[in-house]
Amino acid sequence: MAGSKVDAKVVLLGKSYAGKTSLVERYLKNRFLGDSVPYQNTIGAAYGAKTVTVNGKSIIIGIWDTAGSERYEAMSRIYYRGARAAILCYDLTDKSSFDRIRFWIGELRQHEENCKIYLCGTKYDLVEEDPERRAVSTSNAKSLALDCMAELYETSSKTGKDIDKLFTRIATDYMKDKAAAEQREKDAFTVKETGRKLPCPCSS
């Protein structure tokens, strides 16, 4: 995939051990870190890409998995610059990782206001096995998602729960936004060439 044109740039942000790397490994390589594959803490950022098909059209999703350590947070701006989508990951068994999500929302709103946000609660398998381990309620997560106009997913890299669903939604949203932008450009060109305003949709 090296050298391929990336259509949709996606960045993963969140606290260390929030499950970002495991999520990417499951999506790109369909494997779970923690079984036979040793886990290595991300330093700086790691990159991967995957070609997906949406409505008969192929797009390449370029995924940046950023380090969660606070000493790398300033560096993360390099990786989310120009991102079409940001997956903000938090561990369902760690309230502090959820609390940190607001920091990343603020960062994106300040530096990449056109980047779409997707909230992702990870390690769902742990709370499914033992509900007492859940530290972040679904209702609180939904409230935050509503507040920042984000989609919300609760995933498991161990079982694969909703990971493909998350990335499929990102790709679908990207294609919709791209089509809308192309239509706006077409409309603007029509107005410029004809010198006439397009009819208001509300008048039909």
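**Exercise 1: aromatic pairs**

Work out how many aromatic pairs this predicted model holds, then classify the one formed by Tyr-47 and Trp-64.

*Solution.* Start with the count: the structure holds four aromatic pairs. Now take Tyr-47 and Trp-64, whose ring centres sit 4.8 Å apart with 50° between the planes. Planes under 30 degrees apart would count as stacked and over 60 as edge-to-face, so this pair goes down as tilted. Next, place the two rings on the chain: Tyr-47 is in strand β2 (residues 45-54) and Trp-64 in strand β3 (residues 57-66), so the pair links distant parts of the chain, 17 residues apart. Last, check the accessibility. Tyr-47 is partly exposed at 42%, and Trp-64 is partly exposed too, at 24%.

**Exercise 2: a ring with two partners**

Find what kind of aromatic pair Phe-103 and Trp-104 form, and which residue lies over the face of Phe-103.

*Solution.* The centre-to-centre distance is 4.9 Å and the planes are 75° apart, which makes the pair edge-to-face. For burial, the cut-off is under 20% relative accessible area. Trp-104, at 0%, is therefore buried, whereas Phe-103, at 28%, is partly exposed. Then look at the face of Phe-103: Arg-100 lies over it, 4.0 Å from the ring centre. For another case of this kind, go to Tyr-124, where Lys-161 lies over the ring face at 4.6 Å from the centre.

**Exercise 3: the neighbours of β3**

Determine which way β1 and β2 run relative to β3.

*Solution.* Take β1 (residues 8-14) to begin with: five bridges join it to β3, and the two run parallel. As an anchor point, Lys-9 has Gly-62 as its bridge partner in β3. On to β2: ten bridges join it to β3, this time antiparallel, with Ala-45 partnered by Thr-66. The hairpin of β2 and β3 has two residues between the strands, and Asn-55 takes a positive phi there, near 50°. As for cover, seven of the ten residues of β3 are buried.

**Exercise 4: the two sides of α6**

Say which residues of helix α6 (138-147) are buried, and where they sit around the axis.

*Solution.* The buried ones are Ala-141, Leu-144 and Ala-145. Look down the axis: they fall within an arc of 100°, so they line one face of the helix. The face turned away from them carries the exposed residues Lys-142, Leu-146 and Asp-147. Now ask what the buried residues pack against: the list is β4, α3, α4, β5 and β6. Finally, step past the end of α6 to Met-149, whose phi is positive, near 55°.

Notes:
Residues numbered from 1 in each chain as written. Predicted model: local features only at pLDDT ≥ 70, side-chain atom pairs only at ≥ 80, totals over all residues. Heavy atoms only, no water. Buried < 20%, exposed > 50% of the residue type's maximum accessible area, 1.4 Å probe, protein only. Helix = DSSP H or I, 4+ residues; strand = E, 2+ residues; numbered from the N terminus. Arc of directions from axis to C-beta. Contact = heavy atoms within 4.5 Å. Phe/Tyr/Trp six-rings, centres within 6.5 Å; stacked < 30°, edge-to-face > 60°. Lys NZ or Arg CZ within 6 Å of the ring centre and 35° of its normal. Pairing = 2+ DSSP bridges.
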